[in-house]
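Reader: I am in my first year and still learning to read structures, and I would like a close look at a single part. Could you take the strands of one chain, and then show me how they sit within everything else?

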Amino acid sequence: MKTNGADDKTYLGIPLYRPRVAFFEFTSCEGCQLQILNNEGTLLDFLSLVEVVAFREAMTEKSDDYEIAFIEGSITRDDEVERLKKIRKKAKVLVALGSCACFGGVNQLKNRFHDLIAVNKMVYGEHPVNSGLVRPLCDIVKVDMQIFGCPVKKEEVEKIVINLALGKSIVLPKYPVCMECKANENICLFEQGEPCLGPITRAGCDSWCPNNKAGCWGCRGPADDANVEQMKKVMKDLGFSDETIMDRLECFGGFQTDEKNGQR
Amino acid sequence: MLFKTFAKEELKILFEIIAAHNRVVGPVEKARDRNNKPIYAFEDVHEFHDIQLNYTTTKLPAKRFFLPFKEDLSTFKIEDDKWQKSIDYNIDRPVVFWGLHACDINALNKLDKVLLHSVYPMPYYAAKRKNMFIIGIDCEPQPFCFCRSMGADTALHGFDLFITDLGEKYFVEILTDTAFNFLRELKTADALEEDHILYMKKVDEKKKQFTARIDTTDLTKILDMEFQSEVWHQWGDKCLSCGSCSNVCPTCYCYGVEETVNIDLKGARKTKMLYSCNVIDFAEVAGGHNFRPLRHNRLKYRYYHKHRGFVEAFEESLCVGCGRCGETCLAGITVSEVIASVKTGSKE
């Protein structure tokens, strides 16, 4: 097996292949990449599993010789489309990192407006920028893996990278946030009158928001087999307005609502 | 069984004797809901006045103290090409449960049948269950309680002592010598005939207060016949598949296991996580085939395990009628309504 890097890592005596990875960002806040740099306690271990060859937020050096591309952000401009296609050609594995890359994220809220030219004018005024419809990566190129979340959960990214290094299969939770929320012994936020998308949103965040008494906004998109229609009904029966429900469902773009489908 | 009575103020003395050397878990008020009603939970207690003896029910059962939601089954130390496994049953001292209702005691008795007295006992459960000390307490039926229908409104065994409030004093059933020895340090009196009469009266009054019930007559056979019933589809359409019913159930014990390697590659762990049969990948097997991809099937099998399969194996249901699942279900799916609909063939 080919290895690279000076201090070759082994697992149970078997040398590990250290893949060359690059991080890129498109239209986003770059917060997902920051999350990866945030966990100082395990950062060195994390960096010893992969060889980072490009990471604008963290280092000056950069190389185009990479195998795995972690891409944060949504695609809103024509030049972004071209850049993304180039990355796709070079990368063996393309990973959508975070909700913007996976579904458009918060950015895609502007897709709600029918007249995007007017939006551009209102936001940028005299200094217009080339920024159109917000699209997730998978609208343009083949995405091999999605890591959900706004921001991504560092522990989940670490687990994925460990399994990648060890050649283990990568499995994201298929169940909703409620499973983690109950395991964390939280009081259901609906009991206290707060709306929450925990019953339909994919887990993996360890019920981050409900742990802090904030209802889930669905940043990780729908769990497998999410019963979105029933969730709308439940929230309506509990007295939440259509606006409140749609605000939640549309915030990160993970839930395809009828209104949005009409525009695409 | 021995019957005693003691004055109400003696209970605090009993707490101080027990809590001086033991870990005590009891019902406490954790928060208030949107209608300003208390939300109770089983937590570690250090002061007697924190215990809410007249609690209605807790949102989560006491399960996490003997079947934790997440628990390491084993950990591994890895050095070069060698590895060393260590197993910890994750219990450092026995727990005293202060104030379990009959339903929750019966839930433990049911779990014992599977996890303690079966061919392959689960040591992680057994280690926590053994030496557990349980003080039961009488309760008032809530609108969602159907324990009486499940034969779980009284506990005949599975506790050390059970106290019932007779107004002026407590009526105490003593089942173990541990309990007897603790009570020797209190001022107790033998239960007189009048105490027994008062106790029976209290039990009779309680029976009359139940409003929720399910008819379990021939239920296993009815479930057999109604396997293809349309009502399962109707409930399946409602179900959110969130798994909360199982997580709040005092008798759900199904779990998944995950193996993870630490980021420094010097350690690994095998972790057990309580799962729910209503969750999408519960019946997904190696290779990716899912035996129950449909929501209504998963919901149905949950009922079949509780009310049919378990009955066939152990001659009793795996449901104690605590009503927690129906209370927690945002879609409003309750056991009594589901069972009734299977019988009538209609959800409404």
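Author: What follows begins with the strands of chain B and then moves outward to the rest of the structure.

Please keep in mind throughout that this is a predicted model. Chain B contains 11 helices and 12 strands. With a radius of gyration of 22 Å, close to the 20 Å that the globule rule gives for 348 residues, chain B is as compact as a globular protein of that length. Its C-alpha trace spans about 65 × 65 × 45 Å along the principal axes, and 39% of the 348 residues of chain B count as buried.

Let us start with strand E12 of chain B, residues 267-274, which pairs in the antiparallel sense with strand E4 of chain B, residues 70-79, over 7 bridges. Strand E11 of chain B, residues 255-261, also pairs with E12(B), again in the antiparallel sense and over 7 bridges. A good residue on which to rest your eye is B:Lys270 in E12(B), since B:Ser74 stands opposite it, and B:Glu259 stands opposite B:Lys270 as well. If you follow the chain between E11(B) and E12(B), you will find that these two strands form a hairpin with 5 residues between them, and that B:Leu265 in the turn has a positive phi of about 60°.

A second group of strands can be read in the manner just used. Strand E1 of chain B, residues 2-7, runs antiparallel to strand E9 of chain B, residues 169-174, and 6 bridges join them. E1(B) is also joined by 3 bridges to strand E10 of chain B, residues 188-190, and this pair too runs antiparallel. Here the residue to follow is B:Lys4, whose bridge partner in E9(B) is B:Val172, while B:Asp190 in E10(B) stands opposite B:Lys4. As a general point for reading such pairings, in a regular strand the side chains alternate between the two faces of the sheet.

Several of these partners are far apart in the sequence, and a count over chain B fits with that: among contacts between residues at least 6 apart in sequence, 71% join residues at least 24 apart.

From the strands we can turn to the interior. In soluble globular proteins, nonpolar side chains tend to be buried together. The largest nonpolar core has 99 residues, of which B:Val25, B:Phe97, B:Trp98, B:Cys147 and B:Val320 touch the most other members. Helix H2 of chain B, residues 102-115, gives the largest share of this core, 7 residues. Leaving aside residues up to four places away in sequence, B:Phe97 touches B:Val25, B:Ala62, B:Met132, B:Ile134 and B:Ile135. Another core, of 42 residues, lies apart from the largest one, and among its members are A:Phe23, A:Phe24, A:Leu49 and A:Leu137.

Finally, we can look at where the two chains meet, a contact that takes 33 residues from chain A and 36 residues from chain B. On the side of chain A that touches chain B, the elements giving two or more residues are helix H2 (40-49), helix H6 (154-166), helix H7 (177-183) and helix H9 (228-237) of chain A. The residues on that side of chain A divide into 17 nonpolar, 6 polar and 10 charged.

Definitions and conventions: Residues numbered from 1 in each chain as written. Chains lettered and ligands numbered in written order. Predicted model: local features only at pLDDT ≥ 70, side-chain atom pairs only at ≥ 80, totals over all residues. Contact = placed C-beta atoms within 7 Å. Helix = DSSP H or I, 4+ residues; strand = E, 2+ residues; numbered from the N terminus. Nonpolar A, V, L, I, M, F, W, Y, C, P; charged D, E, K, R; others polar. Pairing = 2+ DSSP bridges. Rg over C-alpha atoms; globule rule 2.2 N^0.38 Å. Buried ≥ 20, exposed ≤ 12 C-beta atoms within 10 Å, placed from the backbone. Core = buried A, V, L, I, M, F, W, Y, C linked by C-beta atoms within 7 Å.
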